[in-house]
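Student: Could you walk me through one part of this model in detail? I'd like to see how a single helix sits against its neighbours.

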Amino acid sequence: AVVLSAAKILLNQIPYLEDPSMQSLLLEKMRKPLLTLASASKKNLEYVAMRIIKLIMQKYPELLHPGDLQVFFCRYNDPVYLKKEKIDV
């Protein structure tokens with residue numbers, strides 16, 4: 001809940017920043033906690049994180065780096081709804 005609240009605050013403030021480097025810095029600071037949340041052991045928490053990452057990526061596609069793809073690999077024991085979100089992201 002803390003990570004999601006902090007992400008919400010940062011996302012609300014990014015449009016008001018005039019410096020693009022500051023915007024990219026805030027996105028970089030959000031990236032790691034969101035990826036940690038997306039690789040959680042609880043499947044429902046992982047699903048919520050995937051949904052949020054998907055929504056953020058629609059507005060800020062530069063959020064993730066190519067090296068972050070391993071978080072989105074589907075595992076054999078993932079539920080179908082989680083696999084679908086991982087594929088969509």
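Tutor: Here is a close look at helix H3 and what packs around it.

A word on confidence before we start, since this is a predicted model. The chain has a mean pLDDT of 87, and 100% of its residues reach 70 or more. Helix by helix, confidence is lowest in H1, with a mean of 86, and highest in H4 (residues 80-88), with 90.

Now to H3, which spans residues 43-59. Take the side towards H2 to begin with. The axes of H2 and H3 come within 8 Å, and they cross at roughly 145°. From H2, the contact draws on Leu 34, Leu 35, Leu 37 and Ala 38, while H3 brings Leu 45, Glu 46, Ala 49, Met 50, Ile 52, Ile 53 and Ile 56. Sort those by class and you get 10 nonpolar residues, no polar ones and one charged.

Ile 52 is a handy residue to follow here, and it belongs to H3. Leaving out residues up to four places away in sequence, Ile 52 touches Leu 4 and Leu 34. Leu 34 is one of the H2 residues in the contact we just went through, and Leu 4 is on H1, in the contact between H1 and H2. Ala 7 also belongs to that H1 contact. Ile 52 and Ala 7 are 45 residues apart in sequence, yet their C-alpha atoms are 9.5 Å apart in space.

That makes the H1 and H2 pair worth a detour. H1 covers residues 2-13 and H2 covers residues 20-38; their axes come within 10 Å and cross at roughly 155°. With angles over 145 degrees counted as roughly antiparallel, H1 and H2 are therefore roughly antiparallel to each other. Their crossing is left-handed. On the H1 side, the contact is made by Val 3, Leu 4, Ala 7, Leu 10 and Leu 11, and on the H2 side by Leu 26, Met 30, Pro 33, Leu 34 and Leu 37. By class, that is 10 nonpolar residues, with no polar and no charged ones. Leu 34 and Leu 37 of H2 turn up here, and both are also named in the contact with H3.

Back to H3, and over to H4. These two helices pack at an angle of about 25°, with their axes 9 Å apart. Angles under 35 degrees count as roughly parallel, so H3 and H4 are roughly parallel to each other. The crossing of H3 and H4 is left-handed. H3 supplies Lys 43, Asn 44, Glu 46, Tyr 47, Met 50, Arg 51 and Lys 54, which meet Tyr 81, Leu 82, Glu 85, Lys 86 and Asp 88 of H4. The class count here is four nonpolar, one polar and seven charged. Glu 46 and Met 50 are in this contact and are also listed for H3 in its contact with H2.

Glu 85 deserves a second look. Glu 85 sits in H4, and its relative accessible area is 3%, so it counts as buried. Setting aside its neighbours within four places in sequence, Glu 85 is in contact with Tyr 47, Met 50, Arg 51 and Lys 54.

Set Val 48 beside that. Val 48 is in H3, and at a relative accessible area of 36% it is partly exposed. Its C-alpha lies 24 Å from that of Pro 15, with the two positions 33 residues apart in sequence numbering.

Finally, follow the chain out of H3. Glu 62 is in the loop between H3 and H4, and its relative accessibility of 47% makes it partly exposed. The C-alpha atoms of Glu 62 and Gln 13 are separated by 17 Å, and the two residues are 49 apart along the chain.

Terms used. Residues are numbered from 1 along each chain as its sequence is written. This is a predicted model: local features need pLDDT of at least 70, side-chain atom pairs count only at pLDDT 80 or more; totals for chains, interfaces and linings use all residues. Side-chain values use heavy atoms; hydrogens and water are left out. Axes are lines fitted to C-alpha atoms, for helices over the stretch in contact, and angles run from 0 to 180 degrees between N-to-C directions. Helices (H or I, at least four residues) and strands (E, at least two) are DSSP runs, numbered from the N terminus. Angles under 35 degrees count as roughly parallel, over 145 as roughly antiparallel, 65 to 115 as roughly perpendicular and the rest as oblique. A crossing is left-handed if the near helix is turned anticlockwise from the far one by less than a right angle, and right-handed if clockwise. Contact means heavy atoms within 4.5 Å. Ala, Val, Leu, Ile, Met, Phe, Trp, Tyr, Cys and Pro count as nonpolar, Asp, Glu, Lys and Arg as charged, and the others, Gly among them, as polar. pLDDT is the predictor's confidence in each residue, from 0 to 100. Buried means under 20% relative accessible area, exposed over 50%, partly exposed in between (1.4 Å probe, protein chains only).
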